[in-house]
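I opened the notebook to record what surrounds the ligand, and after that a contact between aromatic rings.

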Amino acid sequence: MQVYKGVSASPGLVMGPIYRIHHSGAGLGRIVELPVREQALFDAAVVLAKDELRQLEEAAEGDDRDIILFQRVMLDDPALNREVQEYIAAGAGSAAAMERAAAICARRIESVDDEYIRQRSADVLDACRRVVNILDGRPRTPVQLEMPSILAGERIFPSDIVSVGRGMILGIAAAEGSVQSHAAIIARTMGIPAVAQLGPAFLNEAPLTRGILDADNGRLVVDPDREAVRAAQRRIVSGGILKKRMSVLRSQPCVTLDGTILSLRANCSCPEDIEIAMEAGAEGVGLLRSEFMIADGRIPGEEEQYYFYISCLQAAGGKPVTVRTFDIGSDKTVRGVSEPALNPALGMRGIRMSLARPQMFLDQVCALLRAAAKGPLQVMFPMITCAEDWRLTMELVNRAKAQLRQRGVPFKEDTVFGSMIEVPSAALLAPELAAQGCGFFSIGTNDLTQYTYAADRLDGRFSGYFAGESTAVHRLIDLTIAAAKQAGLPVCACGVSTSDPGRAVRYARQGVRILSMEASSILPVKAKLLEADLAAPETAQG
Ligand code: PEP
Ligand code: MG
């Protein structure tokens, strides 16, 4: 048994097999070409995929060989190929066309009244994914877990988590990484325990078989002895009892002792997250990180995005959803879109990236304006730094509206647009943003701390800046709230720090009335706020 100490990135305690991830270089995304070229690329990718499968077939035995043979034959299926051809002719990229055709073909197989044939739908998807990966230049062996496991690696990326089926990742153990990283944020949103900064040594332990990931205490126990296993089992059982007690708070409104009403919302990235958040008692989605939709490098067109946002509204069941437009850049790399930069956090990121790619942005805004006609959806922009950013952004929003009008497509004319406040200049210029028509502010404490203290949020050595009370950040929040009050605008705070009950109370004292956090923190934060008296002197709050 060996114990490794790291930093907790998402709480919880789990036990299970450890699966080591090895990252090989991912390929580059690309612009969709003319249909004739896309078709040629597709045909070539199928030939290559069949070749790879033939090699695997030769190395396989018995049933395994049959499965691979089936996959290879499937790639010649006329119906599948016709479907791909039609999508390509309609303007889709070859990879996207293959993905869609595969999903349809798999669904068709799943509806057959024969269990054996139904099982084959997974093989269809697998074979088609091979072609998609070739087209995207990705390695053909992404994370494939055979049983629920603890993922271990030097670093775990958002795409590692989203590419694995829900329920298959028990926990995450990373040699590096930080609490503010987006992989950690996704882990918390999905309620997956995670420990970062365990150091490289644990990865050298061979073989990594079983482990106890005690993310409540930032520890990984590799190859635990019987006593450690029993102790972990006891804690897992008592943790379940505490959860039940907390759930009583779910339906209670969040009103502090002095009668201040707060809205506790969730940070999410997809409809599945939203469902989890609603179960956890969220009163809406305060931050939908839309960029996770495109983490694999494929940027869906307007129509597909529209259905995605509609699904988010449905998952929220009538509660408000605030969608942030793509925040690409810095650590949120998207293949084919992100640019290499000397200082990625200070470069082409957030709204700058959207302004530099107007067509991508227009597609997104059109989809959002249309979805806003279907439910309580508002939109905000990441990394706005000044009134000029806002003006240029709204110019494109107005262009999107004009396009929709011209096409005769219904949308919500008075959709509310707001600005993230995650750069000090935005807090300092909040009155100017309000004067330009900004409809609300959402304070992103992760980046606001990073940019205020010039401390890389991904570098664990600087985690001290993010962990405690921060006078400089609080002053910037005060400025934002003063500007919002003056203009009568709502203010939300999102970011990792809102999940800390003590800091949530602090933000409420400053005047923030909407707090958005990881779903798993909503009840502990609510428990603390219900006991808080915002009118009492600060020292009384502890
Ligand atoms: C933030 O910066 O606080 C924030 C919520 O945005 P993200 O973490 O996605 O950069
Ligand atoms: Mg941010």
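How many residues surround ligand 1, and which are the closest? I looked this up first and noted 17 residues, the closest being Arg289, Arg324, Lys332, Asn446 and Arg457, where a residue is near a molecule if one of its heavy atoms lies within 4 Å of it.

I kept in mind that this is a predicted model, in which local features need pLDDT of at least 70, side-chain atom pairs count only at pLDDT 80 or more, and totals for chains, interfaces and linings use all residues. Residues are numbered from 1 along each chain as its sequence is written, chains are lettered from A and ligands numbered from 1 in the order in which they are written, and side-chain values use heavy atoms, without hydrogens and water.

Sorting the shell by class, I wrote down 4 nonpolar, 5 polar and 8 charged residues (Ala, Val, Leu, Ile, Met, Phe, Trp, Tyr, Cys and Pro count as nonpolar, Asp, Glu, Lys and Arg as charged, and the others, Gly among them, as polar).

Next I looked up polar contacts, pairs of N or O atoms within 3.5 Å. An oxygen atom of ligand 1 is 3.0 Å from a polar backbone atom of threonine 445, and another entry puts a side-chain N or O atom of glutamate 422 at 3.1 Å from an oxygen atom of ligand 1.

Finally I turned to the aromatic rings, which pair if their centres lie within 6.5 Å, with planes under 30 degrees apart stacked, over 60 edge-to-face and the rest tilted; the count comes to 7 aromatic pairs. The pair of tyrosine 4 and phenylalanine 202 is tilted, because the ring centres are 5.9 Å apart and the planes stand at 55°.

Definitions and conventions
A polar contact is a pair of N or O atoms within 3.5 Å; within protein, one must be able to donate a hydrogen and the other to accept it, and residues adjacent in sequence count only if both atoms are side-chain atoms. Rings of Phe, Tyr and Trp (its six-membered ring) pair if their centres lie within 6.5 Å; planes under 30 degrees apart count as stacked, over 60 as edge-to-face and the rest as tilted.
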